[in-house]
Amino acid sequence: MAAELHVALVAADREVWSGEATLVVARTTSGDIGVMPGHQPLLGVLESGPVTIRTSDGGTVVAAVHGGFVSFADNKLSLLAEIAELSDEIDVQRVERELERAKAEGDAAAERRADVRLRAAAAR
Amino acid sequence: MGAQLRVYKRRIRSVTATKKITKAMEMIAASRVVKAQRKVAASTPYATELTRAVTAVGAGSNTKHPLTTQAETVTRSAVLLLTSDRGLAGAFNSNAIKAAEQLTERLEREGKQVDTYIVGRRGLAHYNFRERKVAESWTGFTDEPTYADAKKVAAPLIEAIEKDTADGGVDELHIVFTEFVSMMTQQALDDRLLPLSLEEVAKEAAPKGEILPLYDFEPSAEDVLDALLPRYVESRIYNALLQSAASKHAATRRAMKSATDNAGELIETLSRLANAARQAEITQEISEIVGGASALADATAGSDN
């Protein structure tokens, strides 16, 4: 069995997901970063984007993360985000409506948020 | 029914109605305390992880940041006071306001100017009534604060602290809120949020002298700290908002419980008085009848002669 790392995906007001994983791919401000068990201690700033977690039972968890941090030490990885949603929680139709509205209103932040959600939902 | 008795009956009815209301408010507050406590608990993992990360950056690099360095001479401080929108919570708001006033006085004695920021209608009303200057205020979310509310509150504060003192920026940020110790105990306290003393945070994060690993920073320690500190402040404010909300509900519950108890006592006293009045009325009626009967008997006895 492959080595495992413990992942905790934490939003400001709740713990979104936690469990064992073999690989976590997240987007930091300087590019995508993949963390596997035994990685050296890391603290990075996350960009808004989907985070992919390859769980140890072979499944994949995708979450939309809107800004935040990734920290890794002692085989424990924490993903901290102000807002984080699992891809299963995302209602694609609603997000598409949001995206259209954001585009119409020229709300760049809302447009980016909706885009991140859509990408996370597509990656599932 | 006698006039006296009617007055008592009416008062009993009105106190009973009040008691029903306070009882309902007590139960609502009790259920909200539990909900608020759950929210405090749910926000803890994020706060703990964030504190760890801040400590890691602080310990792992010698970065200087405006949010962690103490200004040589502090000329202006900001005080953020958390109160509630609604009253009926015993001494909850007045305790928080008192704590803020003591802090303001202390800071002013040290020769600092104080900018006051207020959350909650009660605190705002207190300051407006006394025509004191309030730098900024927020109302409408104190019962159930969300993270977005905390961000809204934190944004101008962070902006003020990053500005130069000469341009109206502040050097220190204090927060006054009510700590939720338990259902029975809530305590108004003040805390210096910024500049952050990394040693204290480190003590909080690793009380057992646990050694933090040497982190690799992505993209750099400065950038991480830049992004981290505002989030840390937001999360602290969020936590304070949640604790204040929980404390407010607990205080409301207690105040309403004593109101209900008092109403109960009042009803008991009033029913005793009403009973006494009824008895007095009956006694009086009997003595009137007896008196009337004997007068009648005397009169007939007189006419017989």
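Helices here are DSSP runs of H or I with at least four residues, strands are runs of E with at least two, and both are numbered from the N terminus. With that in hand, chain B reads α-β-α-β-α-β-α-β-β-α-β-α along the sequence, which comes to six helices and six strands.

Before you click on anything: this is a predicted model, where local features need pLDDT of at least 70 and side-chain atom pairs count only at pLDDT 80 or more, while totals for chains, interfaces and linings use all residues. Residues are numbered from 1 along each chain as its sequence is written, with chains lettered from A and ligands numbered from 1 in the order in which they are written.

**Stop 1: all of chain B**

Show the C-alpha trace of chain B and align the view to its principal axes; the spans are about 125 × 40 × 30 Å. The radius of gyration, taken over C-alpha atoms, is 31 Å, whereas a compact globule of 305 residues would have one near 19 Å (the globule rule is 2.2 Å times the number of residues to the power 0.38). Colour by burial next: 37% of the 305 residues are buried (20 or more other C-beta atoms within 10 Å of a residue's own; 12 or fewer is exposed, in between is partly exposed, and C-beta atoms are placed from the backbone). Of the contacts between residues at least 6 apart in sequence, 79% join residues at least 24 apart (a contact puts two such C-beta atoms within 7 Å).

**Stop 2: the sheet in chain B**

Select the five strands that make an open, mixed sheet in the order β3-β2-β1-β4-β5 (strands pair if DSSP finds at least two bridges between them). At the edges sit β3 (136–138) and β5 (186–194) of chain B, each pairing on one side only. From one strand to the next, the twist averages 20°.

Now pick helix α2 (residues 92–109) of chain B, which packs on the sheet and touches β1 (76–82), β2 (113–119), β4 and β5 of chain B. The direction of this helix makes about 155° with that of β4(B) (axes are lines fitted to C-alpha atoms, for helices over the stretch in contact, and angles run from 0 to 180 degrees between N-to-C directions).

Zoom in on strand β4 (residues 172–180) of chain B, which pairs antiparallel with β5(B) over eight bridges. Which residue of β5(B) stands opposite B:Val176? Look for B:Asp190.

**Stop 3: B:Ala251**

Jump to helix α6 (residues 221–304) of chain B and find B:Ala251. B:Ala251 counts as buried because it has 23 C-beta neighbours inside 10 Å. Leaving out residues up to four places away in sequence, B:Ala251 touches B:Ala89, B:Gly90, B:Phe92 and B:Gln186. Try a C-alpha to C-alpha distance to B:Ala29: 8.6 Å, across 222 residues of sequence.

**Stop 4: chain A**

Colour chain A by pLDDT (the predictor's confidence in each residue, from 0 to 100): the mean is 83, and 98% of residues reach 70 or more. Confidence is lowest in helix α2 (residues 108–122) of chain A, at a mean of 77, and highest in strand β1 (residues 5–11) of chain A, at 89.

Stay on β1(A), where five of the seven residues are buried. Strand β2 (residues 14–28) of chain A pairs with β1(A) in the antiparallel sense over seven bridges, and the two form a hairpin with two residues between them. Select A:Leu5 and you'll find A:Ala21 of β2(A) opposite. β1(A) also runs parallel to strand β7 (residues 76–86) of chain A, joined by six bridges; there A:His6 has A:Lys76 as its bridge partner.
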